[in-house]
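Let's take a friendly walk through a protein chain, from its overall make-up to a few unusual spots in its backbone. Keep the picture open beside you as you read.

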Amino acid sequence: MPYLYYCVKLGYSKCTMGETAAGLAREPLALTPDEKLDFFLDGLQVIRDQPDGQDPRISHFAVGMQTAVKSRRGEVRAAMQGVLDDRLEHQDEGDALRSAIYLGKLSLRAIGSQLWLARDYLYPQDFNRPADWPRPIREIFAGSLRSFNSDGIYVDLRRDLTSNIGARMKGPILAAAAYEDRFDPEDFTVYDLGCSQGLGLKQWTARGLYPFEATAGLRTSTRFPKGPFVDRKLSAKLDRIIATAIEPTQCNGIDIVRPDDFGNMLWAFICSHYPSDLEDDALTAHFLRLASFRSPRLAFTEADFMNEQQLESRILSSGQADMAIMSTVVYMMPESEQAVAIERAVRCVKKGGIVVVNEFAKPNPDMPYNLEFLIRWYDELLPYKTFVYDTLQPEAGLQLVAEWSNGRCTAVKPNLKHANVGKLLGAA
Ligand SMILES: C[S@@+](CC[C@H](N)C(=O)[O-])C[C@H]1O[C@@H](n2cnc3c(N)ncnc32)[C@H](O)[C@@H]1O
């Protein structure tokens with residue numbers, strides 16, 4: 001029952017328990033250290049219950065971490081209570097549940113990265129059962145792991161998750177193709193706000209050099225979830241569009257983190273791979289190859305787009321772009337800042353330009369920009385979506401362009417009801 005308990009305790013307005021729980025209590029976030037820990041355990045429970053098809057080691061980790069937190073020795077509990085104090089201190093009540101799930105995932109990344117660097121264990125190869133986790137987790141927090149970096153684990157547990165998945169750029173490229181007649185192919189400028197290592201832009205810019213591997217097996221259906229899942233004709237069309245769409249003549253990736261910092265790169269590397277991916281040499285080599293790609297068409301700016309002064313002086317100083325992208329950035333912000341973040345992206349584009357938002361979200365006409373962010377991604381069949389804000393149609397808010405099977409964009413359902421997308425795919 002703890003999930004319901006904390007929904008009630010926090011008066012969480014969007015919990016899956018619905019109106020009853022939401023209406024019961026709206027207390028300030030004043031949890032005892034043990035209650036905070038239960039909250040974290042609940043986040044792990046959500047991860048533990050994830051659907052089939054995901055890397056089972058993620059679920060095993062969640063079980064192992066729950067065991068480690070409950071261990072009588074107490075090192076892990078004390079460490080996580082410290083992290084929770086820190087992370088929950090500035091949270092709005094409504095954001096706390098999001099944080100609990102988020103911290104569960106973050107702890108897998110943080111612990112995974114320590115194990116990956118350590119020489120005592122072979123990670124991820126040796127981590128195939130829940131029972132493989134508690135001991136090394138305890139060793140990390142007790143400081144007894146060989147080559148343990150005592151600052152590293154706490155720095156990582158306080159980070160905002162920073163994955164970088166190049167394949168997500170398929171959504172923005174599809175959007176660029178759908179609005180292509182607006183843009184000058186000789187002068188097409190793009191901002192990627194919250195680009196992390198800039199892998200998406202690198203993937204797009206380096207198209208000739210590095211094939212868009214993930215699209216090769218793109219599975220598509222116009223009738224998902226019923227009917228045949230793979231529509232081969234539409235898949236082939238989409239692959240062709242993605243491979244031939246307009247390319248940026250100049251693009252600028254913006255992020256708070258510096259991509260040339262080795263620690264940031266390593267962190268993004270760990271966050272961008274499931275444990276099983278880390279055993280796939282081709283995948284990891286692709287990441288590293290792209291991370292080291294450079295091009296005169298691709299610039300990078302270290303800036304916080306939420307900071308008004310930095311937005312003006314570091315981003316908009318080079319003018320507005322034709323297209324601004326925000327990919328998997330807004331969902332991790334407090335709810336109160338989400339609409340502001342999108343507004344910042346809107347300010348980055350010229351009249352006639354578009355903003356592309358890739359997010360775990362769904363259309364909701366009652367929300368700012370018609371967008372509702374998803375808290376439990378596993379509840380939706382196609383949780384990750386691409387939306388376009390058209391500066392010539394601001395009243396439409398963010399319009400749905402495509403729905404993806406996951407944040408890695410492996411299967412897509414394009415929104416053929418969207419006028420430009422329907423025209424593009426009908427005519428292509
Ligand atoms: C989950 S990563 C997504 C990276 C990439 N866009 C992708 O789709 O793979 C989110 C990124 O947004 C960045 N970010 C979050 N808030 C930001 C802000 N206010 N200004 C600049 N970057 C920000 C984070 O540092 C992080 O690198």
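## A strand in the middle of things

In strand β3, Gln250 is the bridge partner of Thr189. Thr189 belongs to β1, and this pairing is a good place to start exploring. Please keep in mind that you are looking at a predicted model.

The strands β1 and β3 (residues 250-255) run parallel and are joined by 5 bridges. Strand β1 has a second partner too: 4 bridges link it to β5 (residues 321-327), again in parallel. Here Leu193 stands opposite Met326 of β5.

How many of the residues of β1 are buried? The count is 5 of 5, so the strand is largely enclosed by the rest of the structure. Look at the two faces of β1: Thr189, Tyr191 and Leu193 point one way, while Val190 and Asp192 point the other way, and all are buried.

## The whole chain

Now zoom out. The chain holds 17 helices and 10 strands. Of its 428 residues, 42% count as buried. Among contacts with a separation of 6 or more, 71% are between residues 24 or more positions apart.

## Around the ligand

There are 21 residues around the ligand, and those that come nearest are Gly194, Ser196, Met306, Ser327 and Thr328. By type, the shell divides into 9 nonpolar, 8 polar and 4 charged residues.

## Two helices that cross

Helix α5 (residues 75-89) packs against α7 at an angle of about 65 degrees, and their axes are 9 Å apart. The crossing of these two helices is left-handed. On the α5 side, the contact uses Glu75, Val76 and Ala79, and these meet Ile137, Arg138, Phe141 and Ala142 of α7. The residues of this contact are 5 nonpolar and 2 charged, with no polar ones.

Which residues of α7 are buried? They are Pro136, Ile137, Glu139, Ile140 and Phe141. To make sense of such a list, it helps to know that an α-helix has 3.6 residues a turn, so residues three or four places apart point the same way. Just after α7 comes Gly143, with a positive phi near 80 degrees.

## Unusual spots in the backbone

Most residues other than glycine have a negative phi, and most peptide bonds are trans. The table collects three places that go against these habits.

| Place | Backbone feature | Loop |
|---|---|---|
| Tyr123 to Pro124 | cis peptide bond, omega near 10 degrees | Pro124: between α6 (96-117) and α7 (134-142) |
| Ser196 | positive phi of about 55 degrees | between β1 (189-193) and α10 (199-205) |
| Asn370 | positive phi near 65 degrees | between β6 (349-363) and β7 (371-373) |

Are the two residues with a positive phi in the table buried or partly exposed? Ser196 is buried, because 26 other C-beta atoms lie within 10 Å, and the cut-off for buried is 20 or more. Asn370 has 18 other C-beta atoms within 10 Å, so Asn370 counts as partly exposed.

Ser196 is worth a second look, as several parts of this tour meet there. Ser196 lies in the loop between β1 and α10, and Ser196 is also one of the residues that come nearest to the ligand. In the picture, try tracing the chain from β1 into this loop.

Conventions. Residues are numbered from 1 along each chain as its sequence is written. This is a predicted model: local features need pLDDT of at least 70, side-chain atom pairs count only at pLDDT 80 or more; totals for chains, interfaces and linings use all residues. A residue is buried if 20 or more other C-beta atoms lie within 10 Å of its own, exposed if 12 or fewer, and partly exposed in between; C-beta atoms are placed from the backbone. Two strands pair if DSSP finds at least two bridges between them. A residue is near a molecule or strand if its C-beta atom, placed from the backbone, lies within 6 Å of it. Ala, Val, Leu, Ile, Met, Phe, Trp, Tyr, Cys and Pro count as nonpolar, Asp, Glu, Lys and Arg as charged, and the others, Gly among them, as polar. Two residues are in contact if their C-beta atoms, placed from the backbone, lie within 7 Å. Axes are lines fitted to C-alpha atoms, for helices over the stretch in contact, and angles run from 0 to 180 degrees between N-to-C directions. A crossing is left-handed if the near helix is turned anticlockwise from the far one by less than a right angle, and right-handed if clockwise.
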